[in-house]
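Reader: I would like a close look at a single part of this structure, with its surroundings described afterwards. Please keep to what can be computed from the atoms.

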Amino acid sequence: MKSKKQLILPYFTAIVICLLVNISQSPAQSDNNGEKRVTTSYFLTGATIIPSPDKILSEYDILFKNGIIVKIGKNLQAPTDAKEINGKSLFVYPGFIDFGNKTGVKAPELPERPDNFDSSNPDPEIAGIHPHFSAAKHYQLDENLEEEWRKLGFTLGQKLPVGQGMLPGSTAVVIYGNPDNNNLLTNLQSQYFQFSTIRGLYPHTQLAVMAKWRDLYQNTVLHEESLKLYEGNQHIGRIKNDPVLNALIPVTQGKQTLLVSVNSELDLRRAIKMQDENNFKLILLGVNEGSSAIPLLKAKEIGVVLSLDLPKDSFTDSLPKAEQGEDYEALIKRGKAAYKEALTLASKFEKAEIPFAFSSLGTEKKDLFKNLNLMIENGLSKETALAALTNNPAKLLGIENINGSISPGKMANMVVMTDSLFSKDAKVKMVISDGYLFDYSEDAKLTDAKNQVWNYAAETPVGQSKGTWEFVQKDNKWEGTITYDSPKGTGIKKSEMKDLLKTEDALSFSFTVETNEEVLEVTVSGDLDPDKFEGKMNIKGYNQFTVKASKKVKPNKNHE
Amino acid sequence: MNKKLLLLAGLIIWLGTEGFSQKNPVADVLIKNAHVITITNGTLEDTDVLIQDGIIKEIGANLKAKKNIPVVDATGQYLMPGIIDAHSHLALEIINEASSPITSEVQMRDVIDPFDISIYRALAGGTTISHAMHGSANVIGGQNVTLKLRYGTADPEKLIMEEAPRTIKFALGENPTRVHGIGKNLQPRSRMGVEAVIRNGFEEALQYKRVWAKWEKDKQDKKINSTPPKYNSRLQTLVDILEGEIIIHCHSYRADEIYMLIQVCQEYGIDKIVFSHVNEGFKVAPELAKYTMGASVFSDWWAYKFEVYYSTAYNAAILTKNGVVTSINSDSDELIRHLYHEAAKTQRYGGLSDDEALALITINPAKQLGIDQFVGSIEVGKQADLVLFDKHPLSIYAIPQITWVDGVKYFDRASDEADQRLKINVKRSPDPFLLSTGTHNCMQDVDMLFTENQHY
């Protein structure tokens, strides 16, 4: 059995941050591959700017530098060091904030169940009670996945810890910025709570989750009292370290929010009841029904995060006549009304003036804006929809001083659209995140397709050999170069690819490498996915090695 | 702050909270010319019952009501107290927390489902109060909740009968031994183990009480030399049982196990205990009469597993004649719709009188739930939970016409719409065959992990 002590390692924020740092190989030159930005200063001109939902500024300029918005105004003087972006006919909105998202967060490794495991009294971690874990610690940036969110206009996301039990850990806010940076904005943002369990052991159902929460709360308060007593009195025995209770102290003190995930109206009522019994700061995540509780939520000033997921309409297409039972018409009528109820929920929160946010959790990316538009068709104002993606989540996260609107001093997080937001043909043209520019326009996509950089790694007997492949398409013909560590020990070498064959699903080429003794002929061939390659590297007269490569995603350099 | 402002602020706060701590709905009604079956005072012919603010105000002839009080002409019809079911799992999202032999900390009031269509169906069968119980997977299960069937609210709290005392579920015999002993290799594996689990629980609770008492005293005397003890709501609940604050409702079948628990309770000074099912209760009827708050039985359900073979339909009558406070329960969302039929069976098997038979589903379950001062009979001052039948409720032809809870009409056969759902599951297709609800049972939520076969 693994001892409890092994689980009781305290997690210091510093360690967490260190773990998140993507330690990139330090290059010999300051910019050996030419990827560094020419400037960190940008000047967006003549755009329609919506700095906050209630304002529109026509033909305005924005200057942002080093990730911060410096100036907004009309006919600003173009700074000499700034890269200019023509914003004519474009609409600029604050970057969207996703209040609940699990992309990139890995499930923590839980201790193994001992041989004499007692399912009625498991260790807290095994029971899914690990508030001392954090999403930040288990977050691994996968740019390919995060870019999907950024492409939709999201520049910040609150990452939720992954775990099946009631207290999976604390949340973190990350920036969807340059993947080479550490993009953790706030750690230990809130404590995440869900009404779910690892079934088959205690707590097994919501019944025991509620009871367990009461006990945890009371014992946290007692634990804090014990710690204070111990500090001021030497005759009291040592207090055993309890990472679970330690992690909950900020919640009972009202310093950290309990973010409670709700899947139903009954969950929502249970969460309110929890707060009635034991006071704490409460935000409800994923609200998808329960308009009857709106007055209560309003009076108690409970934070609300609505789900962007909407039910499918299963009532418009009717069943074949033969399958229609008695009262079919009446049933369909009620079904339609219930469906409508789901679509109008957001507008009801708006009418009640509850400043809610949105979470993408459980929603397919392709449905996000479709659902937002459905809500708008059903009474939600565009202004409130925008506020729920920007200003409101910033406030609920306590980061409104640096985020949620476009104003000097705030982070340069913006979405540049081709038309006004929620209009039919509006497309995301660019996303500015943490001051980095990501170009998602059609032109950029074409250029991107014609200019590719891949990172490869080959397993050789002397260790991993790494480098890049660069492909350029000219007149429908691919040309390429490869970089590798010179066997002569003279740094990074670059060679032209010969016999390059690149199709949708296959890639092969050869190149030569000079060593001190000879010239080696190397061929590479294998299977190609859109973003991944797997194949063999064959060195003539020597051996064959495995090579893996992935297409590099990077801030587009069109405007840099 | 000046006084006026302070007053104003106070008023605003009061108004603010008033909106949400609303009292449960009550109403006025005058029911005229009914055969009034009072249960405690015989049947009064051609009698009026006046209800004001949900309370029975007057019973008598030719009562006059204020102008706008609705009047129901019940000429030739039978008015009786709302039916009370002392053992039900109606309106619960979850029934068993089957993960530990003792789960006294869990509370059924946390998982009330006000949208359960079965609530309406129970009302249509004249039932106004159900005792929403934890299942029988654990030796000491969760704390139950007594519900008033105020169908129509989305707020689970609004169904709770706040006046009702706390109750808790115990279970003896095959269910807990199968779930924990056979299923998970924990105690109890036998009936002896069941007793040991209860005794150990009570002993731990006594220790827990002592530890806290010492801490509180040290704190008072300012002689603190330790940190506070841990809070444990499981043991605290057992302490509350030992202190007489909670009524035990115990799932049981066999006479030996019933007598075992009577002895254990005697030893620990517990007298608030009701036995449920109690199929062999007739064998220990005098003991049940002397030491317990009664027995709540099925009219004629048995032989669904080994421990329930030795049974008789005369059980309720034998218990009644021996002075046991006896009730007939449903333990079923279906049976709860016609408990008056179940009560009538005691006339065929045992020859109970009308009042004795109807007491089994009204005042007696009220006594077992500790709410007989509020409900269970038609008396001035009691809550107006009533049901009007077209014929005598013990007749097989009787059909409930109107059901009131606190004077509020929740069922009226004359205006009974087909679709009474409060909530539509939009994820479900409108296929009418999928619209029926499942029924609840004693072993629900006990995963296959714990038990190979599902049993009641």
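What percentage of the contacts in chain A with a separation of 6 or more is accounted for by residues 24 or more positions apart? And for the close look, please take strand β12 of chain A: which strands does β12(A) pair with, and are its residues buried or exposed?

Author: The model is a predicted one. Of the contacts in chain A with a separation of 6 or more, 63% are between residues 24 or more positions apart. Chain A has 560 residues, 40% of them buried, and contains 12 helices and 27 strands. Its C-alpha trace spans about 75 × 65 × 65 Å along the principal axes.

Now the strand itself. β12(A) covers residues 257-261, and 5 of its 5 residues are buried, so the strand is largely enclosed by the rest of the structure. Side chains in a regular strand alternate between the two faces of the sheet. In β12(A), one side carries T257(A), L259(A) and S261(A), while L258(A) and V260(A) are on the other. Residues on both sides are buried, which leaves both faces of β12(A) covered.

β12(A) has a pairing with strand β11 of chain A, residues 190-194, in the parallel sense and over 5 bridges. A point of register here is Q191(A), which stands opposite L258(A). β12(A) is also joined to strand β13 of chain A, residues 282-287, by 4 bridges, and these two strands run parallel as well. In that pairing S261(A) stands opposite L285(A). Helix α6 of chain A, residues 265-277, belongs to the connection: β12(A), α6(A) and β13(A) form a β-α-β unit that is right-handed.

Helix α6(A) also leads to the contact between the chains. That contact takes 51 residues from chain A and 44 from chain B. On the side of chain A that touches chain B, the elements giving two or more residues are α4 (206-231), α6, α7 (294-299) and α8 (328-351) of chain A. The largest share, 14 residues, comes from α4(A). By class, this side of chain A has 26 nonpolar, 15 polar and 10 charged residues.

Antiparallel pairing is found elsewhere in chain A. An open sheet of 9 strands there has the order β22-β21-β20-β19-β27-β26-β25-β24-β23, with antiparallel pairing. β22 (492-496) and β23 (498-502) of chain A stand at its edges with a single partner strand each, so one side of each has no neighbour in the sheet. From one strand to the next the twist averages 25°. Within this part of chain A, strand β19, residues 451-460, and strand β20, residues 463-474, run antiparallel and are joined by 10 bridges. T460(A) stands opposite G463(A) of β20(A).

Chain B offers a helix pair. Two packed helices are described by the angle between their axes and the distance between the axes. Helix α4 of chain B, residues 191-220, packs with helix α5 of chain B, residues 233-242, at an angle of about 95°, and their axes are 8 Å apart. The two helices, α4(B) and α5(B), are therefore roughly perpendicular to each other. On the α4(B) side the contact is made by G201(B), F202(B), E204(B), A205(B), Y208(B) and K209(B), and on the α5(B) side by L235(B), L238(B), V239(B) and L242(B). These residues divide into 7 nonpolar, 1 polar and 2 charged.

Technical notes: Residues numbered from 1 in each chain as written. Chains lettered and ligands numbered in written order. Predicted model: local features only at pLDDT ≥ 70, side-chain atom pairs only at ≥ 80, totals over all residues. Buried ≥ 20, exposed ≤ 12 C-beta atoms within 10 Å, placed from the backbone. Pairing = 2+ DSSP bridges. Right-handed = clockwise from strand over helix to strand, strands pointing away. Axes fitted to C-alpha atoms, helices over the stretch in contact; angles between N-to-C directions. Parallel < 35°, antiparallel > 145°, perpendicular 65-115°, else oblique. Contact = placed C-beta atoms within 7 Å. Nonpolar A, V, L, I, M, F, W, Y, C, P; charged D, E, K, R; others polar.
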